[in-house]
Amino acid sequence: PTLDGEPSYEWILQGLHDKTQPYWVAKDVRRYAYWSVFAGACGHTYGDNSVMQFYLNDSEGVSYGAKYEWYKAIHHDGSGQMGYLRKLMESVDFTKGKIRDDLLIDSQKEKYNRISVFAGEEFLFAYNYSGRNFRIDLSNYINKDMWYFRPSTGIESYIGKVSEGEYTYTAFKCYDGEQDSMLVIR
């Protein structure tokens, strides 16, 4: 079993010591979580830069650009959003799932445009970080229910029943600027 024990922490500098670099934020930690779990990892750890250091405003020796007091940082968006992934995985028998990138009709995309597909006979999850449309073979899921799933909120919106073998997932742009979304079939 594989475990991503230290992916990017929320609110840590992308360059670690380079304060000109942007920070990793909630959408970045979600991406690592979904990519890891859907690739078959036995789990995922979440981290927050300020919590890791128990940062306070008067802390000395602070690294990686910590700027939020730790007792406030424990409420950063990414920490709560990890529970949505857990709830999703526990909604199916995930032990029967595996990587199913072969169901993508278009070739697999690279880097941030990657579509991560995890599926079993009774379910399919396709995580889309970049918010791009993609085509997928759903011929083994005819008459199953489909939902849009927002990893930033855990909200599922019903699409309908799978009625055709080939499906084009049309990503939606969210009001809050978040663009990662998922196709969920159960």
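1. In what follows, Ala, Val, Leu, Ile, Met, Phe, Trp, Tyr, Cys and Pro count as nonpolar, Asp, Glu, Lys and Arg as charged, and the others, Gly among them, as polar. On this basis the lining of the largest pocket divides into ten nonpolar, five polar and two charged residues. The model under discussion is a predicted one.

2. The space in the largest pocket amounts to about 360 Å³. Two or more lining residues come from each of helix H1 (26–38), strand E2 (43–44) and H4. H4 supplies the largest share of the lining, with five residues. The lining comprises 17 residues, and those nearest the centre of the pocket are Val37, Ala41, Cys42, Gly43 and Met89.

3. Met89 also appears in the surroundings of Phe94: leaving aside residues up to four places away in sequence, Phe94 touches Met89, Phe118 and Phe123. Phe94 itself is placed in the loop between helix H4 (77–90) and E3. Is Phe94 best described as buried, partly exposed or exposed? Its relative accessibility is 39%, and because the partly exposed class runs between 20% and 50%, Phe94 counts as partly exposed. Between the C-alpha atoms of Phe94 and Arg31 there is a separation of 19 Å, the two residues being 63 apart along the chain.

4. The sheet deserves separate comment. Six strands form an open sheet in the order E3-E4-E5-E10-E7-E8, and their pairing is antiparallel. Strand E3 (98–99) and E8 occupy the edges; each has a single partner strand, so one side of each is left without a neighbour in the sheet.

5. Strand E7 (residues 145–150) is mostly covered, with five of its six residues buried. Which strands pair with E7? One is strand E8 (residues 155–161), joined to E7 in the antiparallel sense over six bridges. Another is strand E10 (residues 181–185), which runs antiparallel to E7 and is joined to it by four bridges.

6. Individual bridge partners fix the register of these pairings. Towards E8, Met146 has Gly160 as its bridge partner, and Arg150 has Ile155. Towards E10, Trp147 stands opposite Val184. As a general point, the side chains of a regular strand alternate between the two faces of the sheet.

7. The connection between E7 and E8 is a hairpin with four residues between the strands. Within this hairpin, Gly154 adopts a positive phi near 80 degrees.

Notes: Residues numbered from 1 in each chain as written. Predicted model: local features only at pLDDT ≥ 70, side-chain atom pairs only at ≥ 80, totals over all residues. Heavy atoms only, no water. Buried < 20%, exposed > 50% of the residue type's maximum accessible area, 1.4 Å probe, protein only. Pairing = 2+ DSSP bridges. Contact = heavy atoms within 4.5 Å. 1 Å grid on protein atoms, 1.4 Å probe; cavity = no way out; pocket = protein on both sides within 12 Å on 5 of 7 lines; lining within 4 Å. Points joined across faces, edges and corners; volume = space filled by probe spheres on them.
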